[in-house]
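Here are my notes on this one, in the order I'd go through them with the structure open. I start with the packing and then turn to the charged pairs.

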Amino acid sequence: GIAVTIGYESQPVTVLSNHNTTHLIHTLVDTYLVNSNAHRCVLGLPLERNGTEGRQSALTREFASRLLVGVVERLGPEFPVVLWDERFTSMEAASRLGIVGNPNGERMDDVSASVILEDYYKRGTNTDTGVYSGGGGGETTLTAERVWFREGEYAEYERAVGVWNKREEERLRGLEE
């Protein structure tokens, strides 16, 4: 699901489905990050109830790394992509939509994305460096983790930075003319 914030107010936008990863990344970057003048991308990290990472977390981290390549190419290496704990956001979204019972079959990912953004801004930090942390309620500590390239992905990172640098050189050349 996609949500955006205007100031600190999050708004559900849409649910993207049936896209291959490459198309999804292009859509996210071009339509929702570039065109909306976003300052960061917050991606929900699906953790188990006890806070550990499972299979879906690993898939999300893999997607986040690929998303980061697209972000670096279009927005530069300083644009942050962060992971934020998304536990219980579906239950909150279901509650907001008045859905009773198991919400798994419902189309509410955009509302869940909005809940993630709200939680990020309430509990997280809006700085762009290092590891983010915010105090969670009760026994849960919520953290936002900036996505970085993992070992073995540096060639892809260098290629993405090269694409960004070339675009910047062309843009600056155009300003000089």
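Which residues of the largest nonpolar core touch the most other members? Bear in mind while looking that this is a predicted model.

1. The ones to click on are Phe63, Leu67 and Val71, out of 23 residues in that core. Helix 2 gives the most to this core, seven residues in total. Helix 1, strand 3 (41-45), strand 4 (81-85) and helix 5 (154-176) also each put in at least two.

2. Val71 is a good place to zoom in. Leaving out residues up to four places away in sequence, Val71 touches Val29, Leu33, Gly76, Phe79 and Val81.

3. Don't miss the other core, which lies apart from the big one and has eight residues. Ala3, Trp84, Ile116 and Leu117 are among them.

4. Now the charges: there are five salt bridges in the structure. One of them joins Arg74 and Asp30, with 2.7 Å between the closest N and O atoms. That pair ties together distant parts of the chain, since Arg74 sits in helix 2 (residues 55-75) and Asp30 in helix 1 (residues 21-34), 44 residues apart. Arg74 is partly exposed at 31% relative accessible area, and Asp30 is partly exposed too, at 27%.

5. Arg61 pairs with Glu53 in another salt bridge, closest N and O atoms 2.6 Å apart. Glu53 is partly exposed, with a relative accessible area of 42%.

6. Last, have a look at Asp85 and Arg87, whose side chains form a salt bridge at 2.5 Å, N to O. Here both partners are buried.

Note on methods:
Residues numbered from 1 in each chain as written. Predicted model: local features only at pLDDT ≥ 70, side-chain atom pairs only at ≥ 80, totals over all residues. Heavy atoms only, no water. Salt bridge = Lys/Arg side-chain N within 4 Å of Asp/Glu carboxyl O. Helix = DSSP H or I, 4+ residues; strand = E, 2+ residues; numbered from the N terminus. Buried < 20%, exposed > 50% of the residue type's maximum accessible area, 1.4 Å probe, protein only. Core = buried A, V, L, I, M, F, W, Y, C linked by side-chain atoms within 4.5 Å. Contact = heavy atoms within 4.5 Å.
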